[in-house]
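These are my notebook entries on a structure that I looked up piece by piece. I wrote down each point as I came to it.

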Number of protein chains: 2
Amino acid sequence: MPTTLADFQKVEQYLTDHQNDFIETLKTFLRIESVSADSKFIPEIKRGAEFVEKQLTSAGLETKIYETAGHPIVYGSWLKAEGAPTVMVYGHYDVQPADPYDLWKTPPFDPDIREGHIYARGATDDKGQMMTHVNSVASWLKVVGSLPVNVKFVIEGEEEVGSDNLDKFLSEHQEMLQCDVAVVSDTSQFAPGVPAITYALRGITACELKLTGPGQDLHSGLFGGSVANPANIIARLVASLHNAEGQVQIPGFYDDVLPLSEQERNGFANLPFDEPALFKALGVSEGYGEAGFTTLERRWARPTCDVNGIWSGYQGEGPKTIVPSIAGVKISCRLVPNQDPEKINSSLESFLRELCPASVDFQYKQYHSCGGLVFDTDSGWMKSAGIAIEHAFGVSPVFIREGGSIPVVSTFKEILGVDTLLLGWGQSTDNLHSPNERFSLEGYRQGTLASARLWQELANL
Amino acid sequence: MPTTLADFQKVEQYLTDHQNDFIETLKTFLRIESVSADSKFIPEIKRGAEFVEKQLTSAGLETKIYETAGHPIVYGSWLKAEGAPTVMVYGHYDVQPADPYDLWKTPPFDPDIREGHIYARGATDDKGQMMTHVNSVASWLKVVGSLPVNVKFVIEGEEEVGSDNLDKFLSEHQEMLQCDVAVVSDTSQFAPGVPAITYALRGITACELKLTGPGQDLHSGLFGGSVANPANIIARLVASLHNAEGQVQIPGFYDDVLPLSEQERNGFANLPFDEPALFKALGVSEGYGEAGFTTLERRWARPTCDVNGIWSGYQGEGPKTIVPSIAGVKISCRLVPNQDPEKINSSLESFLRELCPASVDFQYKQYHSCGGLVFDTDSGWMKSAGIAIEHAFGVSPVFIREGGSIPVVSTFKEILGVDTLLLGWGQSTDNLHSPNERFSLEGYRQGTLASARLWQELANL
């Protein structure tokens, strides 16, 4: 028997009554030091996976912990909503290292509540955000005895170290993981009081280039001016990547870029974006980038070409007058939907190679790529999410893009063929990856409520 | 009573008869581990200074060891050639560190003679070369009882660590050090069998530039494309230093450059220069530089602008997708005679500063400069040296330039107002500053003979 809005209202009451219990559960979760980057935390990673499995089991899901070559993946499902859509919830129980510990006001693994926030490593990224969906599912099953939709939880333990074993898991269990849409809460609201649905992500392609000139560093007096200096050459190559208008000069770079619609540009322009405050926080006096685009357009919807690192010769104190033997650079391009990462990377390589003089050895290494994604903001999934968020937050969400890449979202599209709803309950000021990470209790409450409503809305599709 | 060529012939015979004694003396000198860079060798530095003083005293000079804030300077003079020119002989008794010891075929401070060479740290740089003048002076005074000219020896112990205390010594003892010309044997012959007089040196001016963009490294996805990336900017600045023809673009850079005469260019072109062998040794397939000039012209007589080091962002293994906060570069320009180092450095700074976007902080630090020098190859000093070398080596010397800078030669010009005769008896293949440093016994013999003849020739001026 399908669930109804009246059922949801009972769930909503239950959520209100049990908010403190959800906070206590989250605190227990946050005490687990599930740092994925450092092998000394492996027992805590195991505890993290077991904690998640226990929560899902208690909620009423069938669960299994899948071992991988790295950290385990927790899987849980409830599939009794016959004829209703199936939703995959993705999250991660691992956290960033907490160093430097001495910059934390309270210990990172001893959650502290102050000024309406819970402070701990993983509070927002991603334990707190992920738990909103565990809470909502548990409440539906507790109060109503069933869920409006089928759910499949995939909660991994390697998100902070590159999700190395997730793709293999998804590929090997494609049938088990069949679903209609994915939900991920690992992003942020646009601003306090401005909830958001993220409908596009930039992709990325990256490389490392190593140039070798002379066989060893040379005396710049004896030989300077007569042989190619790889540091000067690498600077020329990098400088050639942009013209004076900030446009990337890699051949074909913009060929496949989907232009921003007027509607999207207007949408961005109407967001309550405090640009001076952002630049102040970043420590720059003003923005800089591709001519003809606003800061939000540049961050979210335009492709880039940035040096991530460059090195050559002597970097110590004082002068040392050499012609260096070797120069290296790491370059990454953020890509927008419809650009082909492999094509861009190959074009980048050819472009740089052609500029390199014959007497300089050119070694190019291509790094992992992932394409940009944009989802249809008029889809039923989006509309359902919009209603759920408006109910929980009291305002309609804004539609935003994200400048970063979330490779798992590409993987869901490629392997499972589904769109992802990126529903962030946190704030960009929550110090994720930094000391004093936090998550607002109100965001936790609203996120749980929105999640509970989302299941009901998705059932109507 | 002035000395005569007949006197010189007696000296020449004495040199022939006593060559083995000179080799033994040099071996004793080379056993002293007078490494100036490492304070654990300070007792050996002291022994080095005392050894030199003893040699000069034995030769018949009045001597004194001058203490400095660093290592001592040995001074010796013989000033009884009334009416004759006064010649300053400069050299250094300190040596480069001998590391890595395990690459030496025989221990660096246990001189070994094989295949016509003496192998030891300091053999050519500069103990062996400097001793040719001590030997010649000693022989004249022994055989003839007087010298054709007045001589002043200044032998320092900090050449390999920047001669920090030499300028002060020269300034404070200007009257004592008055002379007509200086002689330095610390360079090389052009090639085996091709003795050379070096008549020009390049100067140098150098800087370090630090650019700061955002206050900390930023996530290249969240912010890339919207703020100036200091690594990209520094690459653009560096790339702007040259045009496609390899010409330096700093405003006014070439304004004061003295053009090479046709005679000089022809002289360079006629030298027995094995360009393929040089490039092979340097590990490059071909030369590279300013259009319209040969390799020797580029190395000796054209100004340059080389990056000596560059750094920004992440330099470790694998990708790291950041917009770096800071980028730095060290740049040095080799200068040719008549260019003003301060003017060039200021122009470089203005040029780079103008190219730097307003949102990037620009910090420029000027390093020590020294001008290029060219001496008149038609001077009496040069002619005298030519005759002396031709007598000792059996062929006329070629006139060459040197791409590096020897700051003490500038100092002699600035403080004492004199030209320097740069008479190298070594070879560029003598492994100076490297393991298995050596000096050919024939070069030692010929250099000593040339020195002895030089005094007689200079007396005729």
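Entry 1: a lysine in chain B.
Is B:Lys330 buried or exposed? I noted first that the model is a predicted one. I then found that B:Lys330 has a relative accessible area of 1%. Because buried means under 20% relative accessible area, B:Lys330 counts as buried. I located B:Lys330 in strand E13 of chain B, which covers residues 326-335. I also looked up its distance to B:Asn308: the two residues are 22 apart along the chain, and 5.4 Å separates their C-alpha atoms.

Entry 2: the interface of the two chains.
I turned next to how chain A meets chain B. I recorded 72 residues of chain A in contact with 72 residues of chain B. The area buried between these chains is about 5300 Å², and carbon and sulfur atoms give 55% of that area. I looked for salt bridges between chain A and chain B and the count was zero. For polar contacts, I found 37 residue pairs across this interface. Several elements give two or more residues to the side of chain A that touches chain B, among them helix H5 (230-239), helix H7 (275-282) and strand E13 (326-335) of chain A. The largest share of that side, eight residues, comes from E11(A). By kind, the residues on this side of chain A divide into 30 nonpolar, 30 polar and twelve charged.

Entry 3: the two domains of chain A.
I then consulted the domain assignment of chain A. It gives domain 1 as 5-201 + 372-459 and domain 2 as 203-257 + 302-366. Their centres, taken over C-alpha atoms, are separated by 40 Å. I recorded eight residues of domain 1 of chain A in contact with six residues of domain 2 of chain A. About 470 Å² is buried between the two domains, with 50% of it given by carbon and sulfur atoms. The side of domain 1 that touches domain 2 has three nonpolar residues, four polar and one charged. I counted zero salt bridges between these domains, while two residue pairs are in polar contact across their interface.

Entry 4: a helix of chain A.
Which residues of helix H11 (residues 407-416) of chain A are buried? I listed A:Val408, A:Val409, A:Ser410, A:Thr411, A:Phe412 and A:Leu416. What covers them includes helix H4 (166-172), strand E3 (86-92) and strand E17 (419-424) of chain A. After H11(A) comes A:Gly417, with a positive phi near 70°.

Entry 5: backbone details.
I closed with peptide bonds and phi angles. The bond that joins A:Asp99 and A:Pro100 is cis, with omega about -5°. A:Pro100 is in the loop between E3 and strand E4 (112-114) of chain A. In chain B, I found a cis peptide bond from B:Asp125 to B:Asp126, with omega near 5°. B:Asp126 has its place in helix H3 (residues 123-143) of chain B.

I also looked up positive phi values in residues other than glycine. A:Ser163 has a phi near 50° and is found in the loop between strand E6 (150-156) and H4 of chain A. A:Asn338 has a phi of about 85° and lies in the loop between E13 and helix H9 (341-355) of chain A. I noted that A:Ser163 is buried, at 16% relative accessible area, whereas A:Asn338 is partly exposed, at 49%.

Note on methods
Residues are numbered from 1 along each chain as its sequence is written. Chains are lettered from A and ligands numbered from 1 in the order in which they are written. This is a predicted model: local features need pLDDT of at least 70, side-chain atom pairs count only at pLDDT 80 or more; totals for chains, interfaces and linings use all residues. Side-chain values use heavy atoms; hydrogens and water are left out. Helices (H or I, at least four residues) and strands (E, at least two) are DSSP runs, numbered from the N terminus. Buried means under 20% relative accessible area, exposed over 50%, partly exposed in between (1.4 Å probe, protein chains only). Contact means heavy atoms within 4.5 Å. Domain bounds come from an automatic or database domain assignment. Buried area is the accessible area (1.4 Å probe) that two parts lose on being put together, summed over both. A salt bridge is a side-chain nitrogen of Lys or Arg within 4 Å of a carboxyl oxygen of Asp or Glu. A polar contact is a pair of N or O atoms within 3.5 Å; within protein, one must be able to donate a hydrogen and the other to accept it, and residues adjacent in sequence count only if both atoms are side-chain atoms. Ala, Val, Leu, Ile, Met, Phe, Trp, Tyr, Cys and Pro count as nonpolar, Asp, Glu, Lys and Arg as charged, and the others, Gly among them, as polar.
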